[in-house]
Amino acid sequence: MNQIVAKNIKRLREERKLSMDELSKLSGVSKSMLAQIERGGGNPTISTLWKISNGMKVPFDALTVRPKSPYELVKTSDLQPLLEDGGKVKNYSIFPDDENRRFAVYYLELEEGSYWESEPHLKGAAEFITIFSGKIEICTGGRNFQVEKGESIRFKADAVHSYKNIGAEPVLLHMIIYNP
């Protein structure tokens, strides 16, 4: 995944004719961190990648999109997750957004007691989440929602929002992000 992210960031930055300095200013991510990510080094957090995607004004998945095929069987065990909260939140990009679709599908695992605050997505973006195991608190738009196994929630995702495992077991969920 790091190599895919590295190639995509470099390609997008060059397509937009942005220098490392310019992207650093637009994203709030240091030039040295950007250089390290473009080399495929390190393990950038989801928050860092959101800052970069927002700085370039592209969907998050433009950074994680894999090479195209007419069909695709995805095995979560073959994917390298993006990590948050010291590795307690694992985010697997199952079907990234691309120019032919305006949505992305993710699979997330949140360990007991984990917390993740997400950067705002593109203006007008929405999240659709279904919980398959555990209980989570989602904070968005000044409201807190408790969602548990067998329940789903939809909300506007173009503002800061957060996820917290409030149960005694791991949370397993699927997330669809719609980008207008």
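Colleague: What does Lys57 do just after H4?

Modeller: In this predicted model, Lys57 takes a positive phi of about 60°. Lys57 sits just after helix H4, which covers residues 46-56.

Colleague: And H4 itself, enclosed or not?

Modeller: Largely enclosed by the rest of the structure, because nine of its 11 residues are buried.

Colleague: Which residues of H4 are the buried ones?

Modeller: Ile46, Ser47, Thr48, Leu49, Trp50, Ile52, Ser53, Gly55 and Met56.

Colleague: What touches Ile37, leaving aside its neighbours within four places in sequence?

Modeller: Two of the buried H4 residues, Thr48 and Ile52, are in contact with Ile37. The other contacts of Ile37 are Val5, Ala6, Ile9 and Pro44.

Colleague: How far apart are Ile37 and Ala6, in sequence and in space?

Modeller: They are separated by 31 residues in sequence, and their C-alpha atoms lie 5.7 Å apart.

Colleague: Where is Ile37 placed, and why does Ile37 count as buried?

Modeller: Ile37 belongs to helix H3, residues 31-38. Its relative accessible area is 2%, and the cut-off for buried is under 20%, so Ile37 counts as buried.

Colleague: Switching to Asn91. Buried or exposed?

Modeller: Asn91 has 4% relative accessibility, so it counts as buried. Asn91 lies in strand E2, residues 89-95.

Colleague: What does Asn91 touch, not counting residues up to four places away in sequence?

Modeller: Asn91 touches Ile46, Pro81, Leu82, Tyr106, Tyr107, Leu108 and Trp116. Ile46 is one of the buried residues of H4.

Colleague: Now the sheet of four strands. What is the order?

Modeller: E4-E9-E6-E7, an open sheet with antiparallel pairing. The edge strands are E4 (115-118) and E7 (143-148), each pairing on one side only. On average, neighbouring strands in this sheet are turned by 20° against each other, direction ignored.

Colleague: How many bridges are there between E6 and E7?

Modeller: Six, in the antiparallel sense, with E6 covering residues 135-140. Thr140 has Arg143, in E7, as its bridge partner.

Colleague: Last topic, the surface. Which residues form the nonpolar patch?

Modeller: Phe103, Phe128, Ile176 and Tyr178. Together they have about 340 Å² of accessible area.

Colleague: Where is Phe128 found, and why does Phe128 count as partly exposed?

Modeller: Phe128 is in strand E5, residues 126-133. Phe128 counts as partly exposed because its relative accessibility is 36%, and that class runs between the cut-offs of 20% and 50%.

How values were computed
Residues numbered from 1 in each chain as written. Predicted model: local features only at pLDDT ≥ 70, side-chain atom pairs only at ≥ 80, totals over all residues. Heavy atoms only, no water. Patch = residues over 30% accessible without salt bridge, like charges linked within 9 Å, V, L, I, M, F, W, Y side chains within 5 Å. Areas by Shrake-Rupley, 256 points an atom, 1.4 Å probe, with all protein chains shown as cover. Salt bridge = Lys/Arg side-chain N within 4 Å of Asp/Glu carboxyl O. Buried < 20%, exposed > 50% of the residue type's maximum accessible area, 1.4 Å probe, protein only. Contact = heavy atoms within 4.5 Å. Pairing = 2+ DSSP bridges. Axes fitted to C-alpha atoms, helices over the stretch in contact; angles between N-to-C directions.
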